[in-house]
Amino acid sequence: MSGVLDLIKSSIGQQAADQVAQQVGGNQEATQRAIAAGIPLLLSALQKNAKSKSGAASLANALEKDHDGGVLGNLGALFGQSSYQSTGEQILGHVLGNRQNNVANQLGKATGLGSADVNKILANLAPVVLGAVGQAKKQNNLGVSGLQDLLKQERKSIKKQQPNLGFLEKALDSDGDGEVDLSDVLKQGSGLLSGFFKR
């Protein structure tokens, strides 16, 4: 089965990351850290949302309608376009809901970026994450329960690769009042970065 994280890694290269960095003031290192943490965070949020049958069915419908993976081959041209950004913001609203501000604040503290810049980065990533899930769903001909299994497997895979990513669960707490120390997770040399960007 195609790994969603692998699809994303092969789509987001240095050039695409640099384009995102330019949107938030040119801080490449902080942007790379936010991307490397933001992608598994969004995948974890999707998996949480798809735990119920209705949530998974709603996601499956959205993927079939709008997210077949076509976006993955054209990121360089899309990043920075206002229509793309607007789509990403809408996806973020659906995926994170009332947890969005908490997630942006926590990731901002860890990377040194403002929460508005973190939201811009996450809005760039959201269509990529959905596109990769949609492509994996399509390639493997998955129904609703198959999609749930795929996301569950991705979450296990992420936790296995990065055992210190337990902070994701805390950052996604719906009450939004938990302080999460991401500094250790995102410090220089973290495996998070090396998975996406060759150091």
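What is the mean pLDDT of the protein, and what percentage of its residues reach 70 or more? In this predicted model, the mean pLDDT is 83, and 81% of the residues reach 70 or more.

**Figure 1. Overview of the helices in the predicted model.** The protein has 11 helices and 0 strands, and its pattern along the sequence reads α-α-α-α-α-α-α-α-α-α-α. There are 199 residues, of which 52% count as buried. Among contacts with a separation of 6 or more, 81% join residues 24 or more positions apart. Mean pLDDT is highest, at 94, in helix H8 (residues 115-139) and lowest, at 57, in helix H11 (residues 191-196). Where pLDDT is low, the predicted coordinates should not be read in detail.

**Figure 2. Close-up of the contact of H4 with H8.** Two packed helices are described by the angle between their axes and the distance between the axes. For helix H4 (residues 53-66) and H8, the axes come within 9 Å and cross at roughly 90°. H4 is therefore roughly perpendicular to H8, because angles of 65 to 115 degrees are classed that way. On the H4 side the contact is formed by Ala-60, Leu-63 and Glu-64, and on the H8 side by Leu-130, Val-133, Gly-134 and Lys-137. By residue class, this contact has 4 nonpolar, 1 polar and 2 charged members.

**Figure 3. Close-up of the contact of H1 with H9.** Helix H1 (residues 4-11) packs against helix H9 (residues 144-161) at an angle of about 70°, and the axes are 9 Å apart. This angle makes H1 roughly perpendicular to H9. Val-4, Leu-5 and Lys-9 of H1 meet Leu-150, Glu-154, Ile-158 and Gln-161 of H9. The residues involved divide into 4 nonpolar, 1 polar and 2 charged.

**Figure 4. Close-up of the largest nonpolar core.** In soluble globular proteins, nonpolar side chains tend to be buried together. The largest nonpolar core here holds 56 residues, and those touching the most other members are Ile-8, Ile-39, Leu-43, Leu-96, Leu-122 and Val-133. H8 gives the most to this core, contributing 12 residues. Val-133, listed among the core residues with the most neighbours in the core, also takes part in the contact of H8 with H4. With neighbours within four places in sequence left aside, Leu-96 is in contact with Leu-41, Leu-42, Ala-45, Val-103, Leu-122 and Leu-172.

**Figure 5. Close-up of Gln-100 in H7.** Gln-100 belongs to helix H7, which covers residues 100-111. Its relative accessibility is 18%, so Gln-100 counts as buried, the cut-off being under 20%. Not counting residues up to four places away in sequence, Gln-100 touches Leu-92, Gly-93 and Asn-119. Leu-122 is 22 residues from Gln-100 along the chain, and their C-alpha atoms are separated by 9.8 Å.

**Figure 6. Close-up of Ser-86 in H6.** Ser-86 is placed in helix H6 (residues 82-96). Is Ser-86 buried or partly exposed? Its relative accessible area is 32%, so Ser-86 is partly exposed; that class lies between the 20% and 50% cut-offs. Ser-86 and Lys-120 are 34 residues apart in sequence, and the distance between their C-alpha atoms is 9.8 Å.

Note on methods: Residues numbered from 1 in each chain as written. Predicted model: local features only at pLDDT ≥ 70, side-chain atom pairs only at ≥ 80, totals over all residues. Heavy atoms only, no water. pLDDT = per-residue confidence, 0-100. Helix = DSSP H or I, 4+ residues; strand = E, 2+ residues; numbered from the N terminus. Axes fitted to C-alpha atoms, helices over the stretch in contact; angles between N-to-C directions. Parallel < 35°, antiparallel > 145°, perpendicular 65-115°, else oblique. Contact = heavy atoms within 4.5 Å. Nonpolar A, V, L, I, M, F, W, Y, C, P; charged D, E, K, R; others polar. Core = buried A, V, L, I, M, F, W, Y, C linked by side-chain atoms within 4.5 Å. Buried < 20%, exposed > 50% of the residue type's maximum accessible area, 1.4 Å probe, protein only.
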